[in-house]
Protein chains: 2
Amino acid sequence: MYKSIDPSEYHVLHPRPVYLVVSRSSSGLLNVMSASWVTPVSDEPFLIALSIWKGSLTYQYIRETGEFTINIPSDKHVDLVYRAGSVSGREVDKIAQLGLKTVKSSVIETPGLEDMLGFLECKVVKEVEVGESSLFIAEVKAIHVMGEVYTKYGWDLYKAKILLHHCGRGFTTPSRLLLAQR
Amino acid sequence: MYKSIDPSEYHVLHPRPVYLVVSRSSSGLLNVMSASWVTPVSDEPFLIALSIWKGSLTYQYIRETGEFTINIPSDKHVDLVYRAGSVSGREVDKIAQLGLKTVKSSVIETPGLEDMLGFLECKVVKEVEVGESSLFIAEVKAIHVMGEVYTKYGWDLYKAKILLHHCGRGFTTPSRLLLAQR
């Protein structure tokens with residue numbers, strides 16, 4: 001038997017993968033924030049959608065340069081991801097404070113982060129207003145992964161402990177692989 | 001050290017939660033398909049984005065009525081979810097063939113499915129073209145969950161085995177809860 005809950009209870013769609021979004025201002029300043037409201041939306045070309053609150057520094061930076069990287073953390077980054085999501089880049093240089101090192105992108109100017117499972121270079125192609133946030137539709141221009149944990153079937157779930165955000169300080173990772181019957 | 005891979009390799013953003021989307025034609029026919037390209041995009045109001053291939057029956061039905069339900073399966077539904085994603089509703093009545101039973105919605109006319117972890121009633125507010133797919137932005141009008149597995153911090157991960165899609169026939173579920181340090 002189902003029970004009805006508050007229709008704004010968005011945690012029903014969690015846990016879901018969480019990422020570190022790196023953005024860059026037109027003057028070259030960098031910021032990082034965590035975000036899990038991200039999804040692929042098209043495969044050819046590979047487009048993703050990223051929802052960003054309009055009051056955030058990340059929103060301002062992405063508007064300025066039309067670029068960002070999606071960096072894929074693993075379970076060892078759980079504290080870092082939580083902190084990147086709970087402090088504003090307007091108050092501190094989050095990349096320095098969190099001890100993050102950047103790595104050059106191959107197509108865009110905005111860098112990725114070192115020591116992640118991988119990262120995606122993204123260029124905005126469209127922006128859609130959604131309430132107090134904006135949905136950036138972006139084309140993925142390049143993808144870089146830790147080769148030893150990525151297979152032709154995607155991440156090796158026994159080695160790549162993808163981080164999923166649940167609620168507040170709560171995170172999780174995928175467990176064993178389940179194979180559907182044909 | 002990162003290795004560059006094909007920039008259309010969208011599986012880097014998987015595993016991610018997978019859902020059963022129920023849609024309804026203007027004449028009252030129902031269809032179901034699985035979809036994991038879904039994300040919350042705004043919290044007040046709670047809006048979600050759902051990417052649907054324009055050639056699909058689900059696309060046609062959602063265009064006709066502007067409604068759908070997002071049903072949340074668990075690990076026991078893995079075969080069903082795979083089948084719902086690999087057959088077209090143009091060939092068979094998938095709801096009947098998969099042995100699914102519907103349950104009335106409270107706000108919209110399109111029903112949910114019985115025996116899921118929960119379901120969301122959604123009304124389209126905007127449609128955005130993205131390549132060969134369309135992104136439906138929809139407002140969540142009501143949410144129903146299995147009360148005993150949903151807490152004020154979201155799903156009880158030890159009881160609600162949320163299904164995540166990895167690649168092809170590969171699925172997984174979240175493992176233990178990880179708590180970030182403040």
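What rotation superposes chain B on chain A? A rotation of 180 degrees does, with 0.0 Å of shift along its axis and an RMSD of 0.0 Å. The two copies are thus related as by a two-fold rotation axis. The superposition is by least squares on the C-alpha atoms of residues with pLDDT of at least 70 in both copies.

This is a predicted model: local features need pLDDT of at least 70, side-chain atom pairs count only at pLDDT 80 or more, and totals for chains, interfaces and linings use all residues. Residues are numbered from 1 along each chain as its sequence is written, while chains are lettered from A and ligands numbered from 1 in the order in which they are written.

## Where the chains meet

In chain B, 74 residues are in contact with 74 residues of chain A. Two residues are in contact if their C-beta atoms, placed from the backbone, lie within 7 Å. The side of chain B that touches chain A has 42 nonpolar, 21 polar and 11 charged residues. Here Ala, Val, Leu, Ile, Met, Phe, Trp, Tyr, Cys and Pro count as nonpolar, Asp, Glu, Lys and Arg as charged, and the others, Gly among them, as polar.

The same surface serves both copies. Of the contact residues of chain B, 100% recur in chain A.

## Chain A as a whole

Chain A has three helices and 15 strands. Helices (H or I, at least four residues) and strands (E, at least two) are DSSP runs, numbered from the N terminus.

The C-alpha trace of chain A spans about 50 × 45 × 35 Å along its principal axes. Its radius of gyration is 17 Å, which agrees with the value near 16 Å for a compact globule of 182 residues. That radius is taken over C-alpha atoms, and the globule rule is 2.2 Å times the number of residues to the power 0.38.

Of the 182 residues of chain A, 52% count as buried. A residue is buried if 20 or more other C-beta atoms lie within 10 Å of its own, exposed if 12 or fewer, and partly exposed in between; C-beta atoms are placed from the backbone.

## Strands across the chains

Strands of a sheet pair through backbone hydrogen bonds, either parallel or antiparallel. In this report, two strands pair if DSSP finds at least two bridges between them.

Six strands form an open sheet in the order S2(A)-S14(A)-S15(A)-S15(B)-S14(B)-S2(B), with antiparallel pairing. S2 (16-17) of chain A and S2 of chain B are the edge strands, and each pairs on one side only.

Another pairing joins the chains: S1 (residues 2-5) of chain A and S11 (residues 133-146) of chain B. The table lists some antiparallel pairs.

| Strand | Partner | Bridges |
|---|---|---|
| S1(A), residues 2-5 | S11(B), residues 133-146 | four bridges |
| S2(B), residues 16-17 | S14(B), residues 164-167 | two bridges |
| S14(B) | S15(B), residues 170-179 | three bridges |
| S3(A), residues 19-24 | S4(A) | six bridges |

Single bridge partners fill in the picture. A:Ile5 has B:Ile143 in S11(B) as its partner. B:Arg16 is matched by B:His165 in S14(B). B:Leu164 is bridged to B:Thr172 in S15(B).

S14(B) and S15(B) form a hairpin with two residues between them. In its turn, B:Gly168 has a positive phi of about 60 degrees. S3(A) and S4(A) also form a hairpin, with five residues between them. A:Gly28 in that turn has a positive phi of about 100 degrees. Five of the six residues of S4(A) (residues 30-35) are buried.

## Core and loop

In soluble globular proteins, nonpolar side chains tend to be buried together. The largest nonpolar core here has 108 residues. Such a core is a set of buried Ala, Val, Leu, Ile, Met, Phe, Trp, Tyr and Cys residues joined through C-beta atoms within 7 Å. A:Val21, A:Ile48, A:Leu50, B:Val21, B:Ile48 and B:Leu50 have the most contacts inside it. Not counting residues up to four places away in sequence, B:Val21 touches residues including B:Leu50 and B:Phe68.

Is A:Pro73 buried or exposed? A:Pro73 is buried, with 24 other C-beta atoms within 10 Å. A:Pro73 lies in the loop between strand S7 (67-72) and helix H2 (78-84) of chain A. A:Pro73 and A:Leu20 are 53 residues apart in sequence but 7.1 Å apart in space, C-alpha to C-alpha.

A:Val125, in strand S10 (residues 118-130) of chain A, is partly exposed, with 14 other C-beta atoms within 10 Å.
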